[in-house]
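Colleague: Hi! Could you walk me through this one before I head back to the bench?
Modeller: Happy to, let me put it up on the screen.

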Amino acid sequence: MFVDQVEIVVRGGRGGDGCVSFLREKYIPKGGPDGGDGGRGGSVILEAKEGVDSLMPYTMKRTWVGKKGVPGQGCQRHGAGADDTILFVPPGTLVYDATAGFLMKDLAHPGDQVNVARGGAGGKGNMRFRTSRNRAPRQCTPGEEGEIRTLKLELKVIADVGLLGKPNAGKSTLLSRLTKARPEIANYPFTTKYPNLGRVQLGIDASFVIADIPGLIEGAAQGIGLGHEFLRHIERAGILVHLVEPLPMDGTDPIENYRAIRSELAQYDEALAKRPEILVVSKAEIPEAEMVKKQLEELTGREVMTISAVTGQNLNVLVKKIIATLNPEEE
């Protein structure tokens, strides 16, 4: 199950308590205080990790607490500090303080970390309170409580290529043909309810990540339908591949469908609408595909491709076009 938004509570570990102890050794009748300090509590850290692709584990457990520090002991032995608790999240996760509403960290790349709840300091042992007037102090301090915070985690899929298109435009089928991803495919709208990612491997070194984003409908920029659930994930894509279905199941005009999606992109984010776009007419095996291609070329003044994910027509040409668009300096 794919989860891209969740709210959790994190609390740093409590520091270990200080110790009250007095030295008791033969021939040292007045050894004095020797209680050690407690160890620091462990912090809670979020880290982006390659291979983690959903926030689903955090729907099962909403509260995460760091480990406690070890209490101090006699003979001036200080308690050990606790290890930090590291929670792994997908690359592309935004970490918000849910109470104050500010962005703490964008964990965009694997290995990125943020300390979200610091552990409490350890308490002081009675050896810390010895003075010339108080040579046998019996006081110590308890360990401090760890920092507590409510977090909102929001995942924005990171992909080199984002597949655009109305529901049933053929995005999932194309993804399944180009990669090993196996998204749900059916002949009804909104088969895809969440982004599916796949990697297109070209030789040993060359590859790119492609994301099949849920279909967009008119009004998405205002939150209608899947709305921001779609647009949030397309923000990070390096380039867009816009699939236009030549004969939509709902009887709509493919040219108007293209215009509607471009309008939603511009309303949501002007920069997103200016992202490099490869315009493709899907389902080239349908006779209407060539006519729609010509209409789009007249409308946009740009090259338009026709492909068929079913027959494999022009899929290799599309991959080469994507590579050239992602790496224009290599041309």
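Colleague: Thanks. How much of the protein counts as buried?
Modeller: Keep in mind that this is a predicted model. Of its 331 residues, 47% count as buried.

Colleague: And how many helices and strands are there?
Modeller: There are 7 helices and 14 strands in the protein.

Colleague: What share of the contacts links residues 24 or more positions apart?
Modeller: Taking the contacts with a separation of 6 or more, 72% are between residues 24 or more positions apart.

Colleague: What about the accessible surface?
Modeller: The protein has about 16800 Å² of accessible surface, and carbon and sulfur atoms hold 50% of that.

Colleague: Let's look at a sheet. What is the strand order in the open one with 3 strands?
Modeller: The order is E4-E2-E7, and the pairing is mixed. At the edges stand E4 (85-89) and E7 (113-117); each has a single partner strand, so one side of each has no neighbour in the sheet. From one strand to the next, the twist averages 30°.

Colleague: Mixed how? In which sense does E2 pair with E4, parallel or antiparallel?
Modeller: Parallel: E2 (residues 44-48) and E4 are joined over 5 bridges. Across that pairing, glutamate 47 is opposite phenylalanine 88 of E4.

Colleague: And with E7, parallel or antiparallel?
Modeller: E2 and E7 run antiparallel, with 4 bridges. There, leucine 46 is opposite valine 114 of E7.

Colleague: Why is E2 described as largely enclosed?
Modeller: Because 5 of the 5 residues of E2 are buried, the strand is largely enclosed by the rest of the structure. Val44, Leu46 and Ala48 point one way, Ile45 and Glu47 point the other way, and all are buried.

Colleague: Nice. Switching to helices: how covered is H2?
Modeller: Mostly covered. H2 spans residues 171-178, and 6 of its 8 residues are buried. Those are Lys171, Ser172, Leu174, Leu175, Ser176 and Leu178.

Colleague: What covers them?
Modeller: The cover includes four strands you can pick out on screen, E9 (161-164), E10 (196-202), E11 (206-212) and E12 (239-244), along with helix H7 (315-326).

Colleague: Can we zoom in on E10? Where does valine 200 sit, and is it buried or exposed?
Modeller: Valine 200 is in strand E10. The residue is buried, as its relative accessible area is 4%, where the cut-off for buried is under 20%.

Colleague: Which residues is valine 200 in contact with?
Modeller: Setting aside neighbours within four places in sequence, valine 200 contacts Leu178, Thr179, Ala206, Ser207, Phe208 and Ile210. With threonine 179, the C-alpha atoms are 5.3 Å apart in space, and the two residues are 21 apart in sequence.

Colleague: What about glutamate 154, buried or exposed?
Modeller: Buried, with a relative accessible area of 9%. Glutamate 154 belongs to strand E8 (residues 148-155).

Colleague: Which side chain does glutamate 154 have a polar contact with?
Modeller: Its side chain meets that of glutamine 5 in a polar contact of 3.4 Å.

Colleague: Now a loop. Where is arginine 135, and is it buried or exposed?
Modeller: Arginine 135 is in the loop between E7 and E8. The residue is exposed, since its relative accessible area is 58% and the cut-off for exposed is over 50%.

Colleague: What does arginine 135 touch?
Modeller: Not counting residues up to four places away in sequence, arginine 135 touches Pro33 and Arg130. A polar atom of the arginine 135 side chain also lies 3.5 Å from the backbone oxygen of serine 132. Glycine 31 is 104 residues away from arginine 135 in sequence, with 9.9 Å between their C-alpha atoms.

Colleague: Last one, helix H4. What span should the helix have, and what does the model give?
Modeller: H4 has 15 residues (254-268), so at 1.5 Å a residue the helix should span 21 Å; its end C-alpha atoms are 21 Å apart, which agrees.

Colleague: Which residues of H4 are buried?
Modeller: Pro254, Ile255, Asn257, Tyr258, Ala260, Ile261, Arg262, Glu264 and Leu265 are buried in H4.

How values were computed
Residues numbered from 1 in each chain as written. Predicted model: local features only at pLDDT ≥ 70, side-chain atom pairs only at ≥ 80, totals over all residues. Heavy atoms only, no water. Helix = DSSP H or I, 4+ residues; strand = E, 2+ residues; numbered from the N terminus. Expected span 1.5 Å × (residues − 1). Buried < 20%, exposed > 50% of the residue type's maximum accessible area, 1.4 Å probe, protein only. Contact = heavy atoms within 4.5 Å. Areas by Shrake-Rupley, 256 points an atom, 1.4 Å probe, with all protein chains shown as cover. Polar contact = N/O pair within 3.5 Å; in protein donor to acceptor, adjacent residues only side chain to side chain. Pairing = 2+ DSSP bridges. Axes fitted to C-alpha atoms, helices over the stretch in contact; angles between N-to-C directions.
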